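User: I should like to go through the terms used to describe this model and see how each one is justified. Please set each value against its cut-off.

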Amino acid sequence: MKTHHYILLTTAFFIILFYDENVGLNLGILGIIYSVLTWHKTPERNKTKVFYILVLTSVLSSVAFAWYGDFPSFLAVVSSLLLLSYRSKNKRMKTLLLIPVFVVNCFTFFCRFFSFDQWLPKRNISRLWQKLFAFILIPTILIAIFFGIYSVGSDHFANLFTNIELDVNFWQLFCITILGTFIAFNYWTYTVEKLIYKQNHVLDNTFHEKDKTVKSSYSFLDLDAERMSGVISFFSLNVLLIFFIITYNYEQFYEVAKTPSQLSEETHERVNAVIMSIIMAILVIMFYFKSSFNFDPKAGLLKTLAKIWILLNAVLIISAMIKNSEYIINYGFTYKRLGVYGFLILALIGLIMTFIKIQGKKRNAFLFNTMTWYFYGTILACSYINWGGFITSQNMKRNDFVVNYHVKSINFSDKKLLEYAEEKNDKNLKKQIISKVEKEKSPTFLSKILYYETLKE
């Protein structure tokens, strides 16, 4: 099949799946269709290990959305399919450039779509297809567009056709056709502008030979002065961080116990301070090790002090993790407390990658390229796992289990709550959950969320 066949086929699937439907199972099906067609269309030379992994994650993300239908799984589907499409054509392009490529193609869609010679086949087609296209398809589209416009602008015009009983919502059909075409066209025919393509080498992980020359970063500061500035800075920051770690841990583990609300507020403030500290630490290291000092034979002390600072920041993260664990033990799981773990783990990974950057003499782009994939992995983890069910199952073991909070604020915990209602013989809770499940089961097949279909009332 040619590119225009893929556009027409996926647009048709989009119309069939979404006409007169809500978003649910249909988006999961569409994601699988896009994944399979991308695998089929991609030439063998571009089918790398990363490509096959993205095919798998795209399918799994589509299944996750069909199962949960929430925002994390939606984000996973979109990011997986965009990465898959991107990698299917540009196996050497850096992942970070996907964002500007996506934005540029969305804004240039109108011009690119009507440049028919660029994406429609240039060979001669049969007279029959020419007549169908020219005499039927184009006039039908134009009539449908202006029919919708005139019907909105004039009630009398719309009333002329009230006796014609067509169970078709033309306005909705028109909108989903435009949206389906927009998605399909940008997915299959996106282009990488020369200006963006020329920036690809800027994001290389390793230094080029010309970058290995040891020289000062600024004309007003010679190399020795800049090196000594780094040594003094990192030594001072290490001393400062040691004192901060001592006071931080004293406040967390030895001060008088406070109320749950005070403890919650202070915990989040301290975690935010830790994360900001880690980000700033990484930025400072990137500043000093952006070029020459990676290859400076006299920069041994500077590297050692930087590595010590990384290790001390890792100790700070572990302290915050321990406090968060203590908080969970005392007051139970919530989305925010699990989120704290997620952010701290990403911060710890960032420090590890920074250590590898210094040890392996990598460019700053190495950190961005690597962390992009870890953020993507975090999105997948958020979408594949039923965190609501996990939170409820763990908190059910507590004596202070707050049922109403889990009913209203925790998603996809219905199965565990039904088990809890059966165990406690709580008929009101069971009735409340069953009512919610029945409501979620009521949409038509393509709009369903599969999670609720597995619940037995």
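Analyst: A residue is buried under 20% relative accessible area, exposed over 50%, and partly exposed in between. The model is a predicted one.

User: Why is Ile 149 called partly exposed?

Analyst: The relative accessible area of Ile 149 is 46%. Partly exposed denotes values between the 20% and 50% cut-offs, and therefore Ile 149 is partly exposed. Ile 149 is placed in helix 8, residues 127–153.

User: What makes Ile 149 eligible for a nonpolar surface patch?

Analyst: A patch takes residues with over 30% relative accessible area and no salt bridge, and nonpolar side chains are joined within 5 Å. Ile 149, at 46%, satisfies the area condition. The patch, about 460 Å², is made by Ile 138, Leu 142, Phe 146, Ile 149 and Tyr 150.

User: How many helices and strands does the protein chain have, and what share of its residues is buried?

Analyst: The chain has 21 helices and zero strands. Of its 457 residues, 40% count as buried. About 26600 Å² is exposed, with 67% of that area supplied by carbon and sulfur atoms.

User: How do you know that the length of helix 4 agrees with expectation?

Analyst: The expected span is 1.5 Å times one less than the number of residues. For the 19 residues of helix 4 (residues 71–89) this gives 27 Å, and the end C-alpha atoms are 28 Å apart, which agrees.

User: Which helices do the buried residues of helix 4 pack against?

Analyst: They pack against helix 2 (25–41), helix 3 (49–68), helix 5 (98–107), helix 10 (170–189) and helix 16 (364–384). Among the buried residues of helix 4 are Ala 76, Leu 83, Tyr 86 and Arg 87.

User: Why is Asn 186 called buried, and what makes its link to Arg 112 a polar contact?

Analyst: Asn 186, in helix 10, has 12% relative accessibility and so counts as buried, the cut-off being under 20%. A polar contact requires N or O atoms within 3.5 Å; the side chains of Asn 186 and Arg 112 are joined at 2.5 Å, so the distance condition is met. The side chain of Asn 186 also reaches the backbone oxygen of Phe 182 at 3.1 Å.

User: Is Lys 448 buried or exposed?

Analyst: Lys 448 is buried, because its relative accessible area is 15% and the cut-off is under 20%. Lys 448 lies in the loop between helix 20 (427–441) and helix 21 (450–453). Its side chain reaches the backbone oxygen of Lys 441 at 2.5 Å. Beyond its neighbours within four places in sequence, Lys 448 is in contact with residues including Gly 24, Leu 25 and Ala 66.

User: What is noted about the phi of Asp 20 and of Phe 412?

Analyst: Most residues other than glycine have a negative phi. Asp 20 has a positive phi of about 60 degrees although it is not a glycine, and Phe 412 has a positive phi of about 55 degrees, again without being a glycine. Asp 20 is in the loop between helix 1 (3–18) and helix 2, while Phe 412 lies in the loop between helix 18 (403–409) and helix 19.

User: Why is Asp 20 called exposed, and why is Phe 412 called buried?

Analyst: Asp 20, at 55% relative accessibility, counts as exposed because the cut-off is over 50%. Phe 412, at 10%, counts as buried because the cut-off is under 20%.

Definitions and conventions: Residues numbered from 1 in each chain as written. Predicted model: local features only at pLDDT ≥ 70, side-chain atom pairs only at ≥ 80, totals over all residues. Heavy atoms only, no water. Helix = DSSP H or I, 4+ residues; strand = E, 2+ residues; numbered from the N terminus. Buried < 20%, exposed > 50% of the residue type's maximum accessible area, 1.4 Å probe, protein only. Areas by Shrake-Rupley, 256 points an atom, 1.4 Å probe, with all protein chains shown as cover. Patch = residues over 30% accessible without salt bridge, like charges linked within 9 Å, V, L, I, M, F, W, Y side chains within 5 Å. Salt bridge = Lys/Arg side-chain N within 4 Å of Asp/Glu carboxyl O. Contact = heavy atoms within 4.5 Å. Polar contact = N/O pair within 3.5 Å; in protein donor to acceptor, adjacent residues only side chain to side chain.
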